[in-house]
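Please open the structure in a viewer and keep the selection tool at hand. The stops below are meant to be followed in order.

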Amino acid sequence: MRTTVFTAQERRQRREAGDRLARMCQIRLISTVSMLTALFTRVIPLCGSAGWWMGAVCMLPGLATYGLLCAAIRSCGAKTLQEAVLKKCGRAGETLVRLLLGVLFLLEGAGSLTALVTAFTEGIGTEGTQFTMALLTLGAAVLCLHRDALARGIWLMRRGMLLAALVIAALLAGMLRPDGLHPVLGPGGSALQAAWKAGCTLAWPLILLLTAEPAKGGRLRAATVPVFFSLGTGAALCLIYPCEMLIRETGLAGTLLLPARHLPAAAATAAHCLGMLGAFLSIASCLQLGAQQLEMRRRLNWLPFALAGLLALLQLIPARRLWLALTGIMQYAPVLLSVWALILVIRRKKCAE
């Protein structure tokens, strides 16, 4: 058997390439969970059977911002958004954008935590309060934050999670009905306007992909999987349930659990497990990556625990009120990052110099 011997430099390069792949996979998971949650709770309950195409329309602003930022980063030879801002706007600009990104990660973590806890307490009927369930979830999450172990674990689990999704899709194949895509306009024009207003920032989590160095396949491939997986899942939901059933559920727990409510027992169990695993990994990843952004250039080992405590305290607010506040705040997050994208483009000459 022929054995390949790598030099120390080659081993270091391969390790760094593996770390980039794992980190990108981690952020792609956050993006996918965020878009699916928004699609299930803010878009489809309003537009019903029109969700299969309305979801794609709601992604256009986020995709445009993502493309604009990619072009700006590439124009100055930077690898990440933070590095590009440092070149264009100096240390103060980088500090500001890191603070903004840290807040965005925390908002996403708070949203995923609220959705997961609400699904347990109000949907499945698990014993415990909103706060105690949050403490248990965050207590388990902080145990996963040792250096790069979380990102590598997600990388190792990616194929298993994808296989589970494919098994669920195979079990659902017999339930798909083409007439579920009608009426094409859903409940009507006013409902479409409401869905657009609620979901026009559907693809904003893709911007978080720019915080990590590009891995194999580049920026385009990094965004492709979350976008198509989310749109495909939304279309499958429209193909399974009639419009009347899609718009009937308005509560957070009901909209989150509707996709698996009337499925066969095996498919429903698999869907619940996959959804909860994805939400848990997203919460832990948001804690880790948010802390890394807020640390700036000094490692603060206590910061992830402090952020976990902050997310737990937020769960003292009633779930419905907290969810409305979080979704309202996240409506403005893409606008702030879009401003930074414009700054990057306008200040192109400074980068070239």
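Which residues form a nonpolar patch on the surface? Select W52, V184 and L185: these residues make up the patch, and together they have about 260 Å² of accessible area. Please bear in mind throughout that the model on display is a predicted one.

Remain with V184 for a moment. This residue sits in the loop that runs between helix 5 (149–172) and helix 6 (189–199). V184 counts as partly exposed because its relative accessibility is 36%, a value between the limits of 20% and 50% that bound this class.

**The enclosed space**

The next stop is inside the protein. The structure holds one cavity of 30 Å³ or more, and about 100 Å³ of space lies in the largest cavity. To display its lining, select S34, T37, A38, R42, L107, E108, G111, S112, W204, W323 and M330. Helix 1 (8–47), helix 3 (81–124) and helix 12 (319–330) each contribute at least two residues to this lining. By class, the lining residues of the largest cavity comprise five nonpolar, four polar and two charged.

**The second largest pocket**

Now select R23, D148, L289, Q292 and R299, which lie nearest the centre of the second largest pocket among the 38 residues that line it. The volume of this pocket is about 970 Å³. At least two lining residues come from each of helix 1, helix 3, helix 5, helix 10 (265–294) and helix 11 (303–314). The lining of the second largest pocket has 16 charged residues, together with 14 nonpolar and eight polar ones.

**Salt bridges**

How many salt bridges does the structure hold? There are five salt bridges in the structure.

Begin with two residues already selected, R23 and D148, whose side chains meet in a salt bridge with an N to O distance of 3.4 Å. This pair links distant parts of the chain, for R23 belongs to helix 1 while D148 lies in the loop between helix 4 (130–142) and helix 5, 125 residues apart. R23 is buried, with a relative accessible area of 19%, whereas D148 is partly exposed at 28%.

Move next to helix 3 and select E83 and K87. These two residues form a salt bridge in which the closest N and O atoms are 3.9 Å apart. Because E83 and K87 are four residues apart in helix 3, about one helical turn separates them. E83 is partly exposed, with a relative accessible area of 29%, and K87 is also partly exposed, at 37%.

Staying in helix 3, select E94 and R98, again a pair four residues apart, about one turn of the helix. The closest N and O atoms of their salt bridge are 3.3 Å apart. Are these partners buried or exposed? E94 is buried, with a relative accessible area of 5%, and R98 counts as buried at 15%. Add R91 to the selection to show a network of salt bridges linking R91, E94 and R98.

**A last stop**

Finally, select H262, which is found in the loop between helix 9 (252–261) and helix 10. H262 is partly exposed, its relative accessible area being 46%. Add I240 and draw a line between the two C-alpha atoms: H262 and I240 are 22 residues apart in sequence and 9.5 Å apart in space.

Notes:
Residues are numbered from 1 along each chain as its sequence is written. This is a predicted model: local features need pLDDT of at least 70, side-chain atom pairs count only at pLDDT 80 or more; totals for chains, interfaces and linings use all residues. Side-chain values use heavy atoms; hydrogens and water are left out. Patches are made of residues with over 30% relative accessible area and no salt bridge: like charges are joined within 9 Å, nonpolar side chains (Val, Leu, Ile, Met, Phe, Trp, Tyr) within 5 Å. Accessible areas come from the Shrake-Rupley method with a 1.4 Å probe; for residues, only the protein chains shown count as cover. A salt bridge is a side-chain nitrogen of Lys or Arg within 4 Å of a carboxyl oxygen of Asp or Glu. Buried means under 20% relative accessible area, exposed over 50%, partly exposed in between (1.4 Å probe, protein chains only). On a 1 Å grid over the protein atoms alone, a cavity is a set of points where a 1.4 Å probe fits but cannot get out, and a pocket is an open set with protein on both sides within 12 Å along at least five of seven lines; lining residues have an atom within 4 Å of a point. Grid points are joined across faces, edges and corners, and a volume is the space filled by probe spheres set on the points. Ala, Val, Leu, Ile, Met, Phe, Trp, Tyr, Cys and Pro count as nonpolar, Asp, Glu, Lys and Arg as charged, and the others, Gly among them, as polar.
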